[in-house]
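Me: I'm new to this one and would like a close look at a single part, namely how two helices meet. Once that's clear, could you carry on to whatever else is worth a look?

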Amino acid sequence: MPCEAKPRFVVLYGSQKGQAESIAEGIADEAEEHGLLAELSCLNQNEKYNLEKEKAPVVFIVSTTGDGEPPDNALQFVKSIKQKTHDHYEHLCYALLALGDTNYANFCNCGKTIERRLQELGAKQFYATGYADDGVGLEVVLDPWIEGLWKAIDGAVSKMASDRTDYSNADTPDSSIPDVQLHLLSITEQKDCGSTGASVSKCATAASASAASDLRPAVSPSQPLGAASVSAAVPHVTLAASLTHSLPPLSESSLNVPALPPPYLDVTLKEADTVQQIVGPSNKETLHEVPISRALQLTRGDSLKTSLLLELDLSARPNLTYHPGDSFDVFCPNRDSEVEEMLHRVGLYEQRNHSVHISLRKDTKKKGAQVPAHVAPDMSLLYLLTWCLEIRSVPKKAFVRALVEHTEGGVQRRRLQELCSKQGSADYNLHVRDQSLCLMELLSAFPSCSPPLSLLIEHLPKLQPRPYSAASSWLRYPGRLHLVFNVVEFPACIARPAARRGLCTGWLFDLVHPVPVFPEKAAWPQIHVSPRPNSLFRPPSDQSVPFIMIGPGTGVAPFIGFLQQRETERKENPDAMFGETWLFFGCRHRDRDYLFREELEGFVSSGALSHLKVCFSRDDPEEEEEEEEEGFTSAAPPRYVQHNLLRNGKHVTDILLTQKGFLYVCGDAKNMAKDVNDALLEAIRAELQVDQLDAMKTVALLREEKRYLQDIWG
């Protein structure tokens, strides 16, 4: 008898940096274990799916990018569903997982937009939407959502088949299909999971057979893994949990580990006829190679952070222009020392100049498997690790799970299983994610782990460029571009014996250190950049409209460009009417890291800047060790930009609500942007004498009107 066809469902994803794509692929790969057939497509692959006639359940996995925008590969889909008419998708049955970050405005906005429009078009939801927050760990929502998805799909398949049977057997066709609300899963944010050890990981409770066999690495298959087996392998000397050692109850628990990600690449190395030169990113033909003509350290040597200004010479690129508020992608390589260390670690240093040949495994079970587009054919291994793979990225749990298969020794193997398991999510967050450990640091902690090169190519993401705001105006500096940034420092920890600099900021620092000015043009360092226009984050087109800028530290960078432009415009049009401008700036010390002090005070003198409000969070040495949660009173000197905003709440609300002005915020998303938003809510509530809900509606309206704009980073 012929085999019965498996029930099918469709998985569609929209992904900017690969996370949503990876999750969608994981769901498609796991479907077979649950007796289902998944058809995986990206939302921009219109030729591979047809929602107009789709009769199977559809699962959407979508991320959000920028200021609540859809990923590039979902943009056309979002535009198209906005043009559909009423009840266009009344036949459609869907579930949706939205990825976002609560550190940013418009949390999960793309997912919310798609869901709202699907429901307006009559689509039926068969499973509750999940909103996964990268700010606290995607797995807090992701894992239980995926765990419950399989039963929900089964129910939806049965319900839809039943509805079709009832429809075909009915004497009078029923044009309305009842809402499908089977197996709804209510998901709440569990932000305290990390501290309780109750958080979950990327797997369903029912792991695959291969995963189940990994639960007991140091004992016989029939013996439950518990205190006896662990204590036999590990001396009882650990007083605190660490990256390499766990404590009860985790060390005594049976584990639910994710299914093993199916391998899908065959990688071979061949000796090359010639040695490939490391000359820049693979897409350099589409980029602009420009020289650094000047470098300046903006902070004192004893400042906590090192802030640099780089001037790029664009004069040889007449088509490369920009506006205040735009940013530029900077393409940097991985550090030579780290690439060399990785080559030694995987035992391929002697083959570093060999060419890499990659093909798909014929026996792979991975759905939609493709050779990564960022890996060019016949490149050298050295080039691959230098310019193509993000070797500094934090290994995801699926990668950790794959590393288990290449680890010897019961203790190390067991610990890696714990870190990727449902029970070990808190340990993974604490020791891997929160410490920003990279693959090399993880491998150093587990010396018996020896992954093959194919595993690195399968799991390491594409090396991404780093964006930096333009800190100058083309009107003031034609043919020149200023970039301002702090040199990022990752502090030392148990798995990282010495602190390390951020990849791109450390590379730029090394390019210009220690000589701040290059006397000979031939000696100017060259870097590759690409413009990122931002048509929203720009000064008002109407010069008479007032605006407020909030940018502590290097967050002031784009506003230097705003004010340079305003100052130039005032000189060129002395009789024009200009709206007032406010800048709220903050730093730690008046004498160590007051960036652009002379220029900012010059803007005030020229009239380009109406009001400069500066605060210093650490000017008093005795305050260095004080808790930052101290209450702020109007009598105390303002320490942070949000304090100054509250102190000037009457003026701020008048500009925004009466004069219809603009508010721009630039800087840290995790703390500053949230605190500024809270202070704005409080100012509106106090000045308008309204409750919190009405204040929130007012702020939401400002965002909707594009008069409250952010350029923030994590």
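Reply: Start with helix α19, residues 649-658, and helix α20, residues 669-688: they pack at an angle of about 90 degrees, with their axes 9 Å apart. That makes α19 roughly perpendicular to α20. Keep in mind as you look that this is a predicted model.

So who's touching whom? On the α19 side you'll find Gly649, Lys650, Val652, Thr653, Leu656 and Leu657, and they meet Leu680, Ala683, Ile684, Glu687 and Leu688 of α20. Sort the residues of this contact by type and you get seven nonpolar, two polar and two charged.

From there, let's go to the nonpolar cores. In soluble globular proteins, nonpolar side chains tend to be buried together. The largest nonpolar core here has 48 residues, and the members that touch the most others are Leu384, Leu403 and Ile457. Plenty of elements chip in: α8 (336-345), β11 (355-360), α9 (381-388), α10 (397-404), α11 (410-420), α12 (425-433), α13 (439-445) and α14 (453-459) each supply at least two residues. The top contributor is α9, with six residues in this core.

Zoom in on Leu403 and you can see what it touches. Setting aside neighbours within four places in sequence, Leu403 is in contact with Leu416, Leu439, Leu442, Leu443, Cys449, Pro451 and Leu455. There's also a second, separate core, made of 33 residues, with Val11, Ala132, Leu142 and Ala152 among them.

Cys449 turns up again when you look at Glu408. Those two are 41 residues apart along the chain, yet their C-alpha atoms are separated by 6.5 Å. Glu408 sits in the loop between α10 and α11, and this residue is exposed, with a relative accessible area of 62%.

Now for some backbone oddities. Most residues other than glycine have a negative phi, and most peptide bonds are trans. Cys108 goes the other way on phi: it isn't a glycine, but its phi is positive, about 55 degrees. You'll find Cys108 in the loop between β4 (93-100) and α3 (109-120), where the residue is buried, with a relative accessible area of 1%. Ser436 is another residue other than glycine with a positive phi, near 55 degrees. Look for Ser436 in the loop between α12 and α13; with a relative accessible area of 23%, Ser436 counts as partly exposed. As for the peptide bonds, a cis one joins Pro248 and Pro249, with omega at about 5 degrees. Pro249 belongs to the loop between α7 (227-233) and β7 (265-270).

Last stop, the cysteines. A disulfide is a covalent bond between the sulfur atoms of two cysteines. How many disulfides does a search of the whole structure find? Zero. Cys504 shows how that plays out at one spot: the closest cysteine sulfur belongs to Cys332, and at 3.9 Å from the sulfur of Cys504 it's too far for a bond, because a disulfide needs the two sulfurs within 2.5 Å. Cys504 is buried, with a relative accessible area of 3%. Cys420 is buried as well, with a relative accessible area of 0%.

Notes
Residues are numbered from 1 along each chain as its sequence is written. This is a predicted model: local features need pLDDT of at least 70, side-chain atom pairs count only at pLDDT 80 or more; totals for chains, interfaces and linings use all residues. Side-chain values use heavy atoms; hydrogens and water are left out. A nonpolar core is a set of buried Ala, Val, Leu, Ile, Met, Phe, Trp, Tyr and Cys residues joined through side-chain atoms within 4.5 Å. Buried means under 20% relative accessible area, exposed over 50%, partly exposed in between (1.4 Å probe, protein chains only). Helices (H or I, at least four residues) and strands (E, at least two) are DSSP runs, numbered from the N terminus. Contact means heavy atoms within 4.5 Å. Axes are lines fitted to C-alpha atoms, for helices over the stretch in contact, and angles run from 0 to 180 degrees between N-to-C directions. Angles under 35 degrees count as roughly parallel, over 145 as roughly antiparallel, 65 to 115 as roughly perpendicular and the rest as oblique. Ala, Val, Leu, Ile, Met, Phe, Trp, Tyr, Cys and Pro count as nonpolar, Asp, Glu, Lys and Arg as charged, and the others, Gly among them, as polar.
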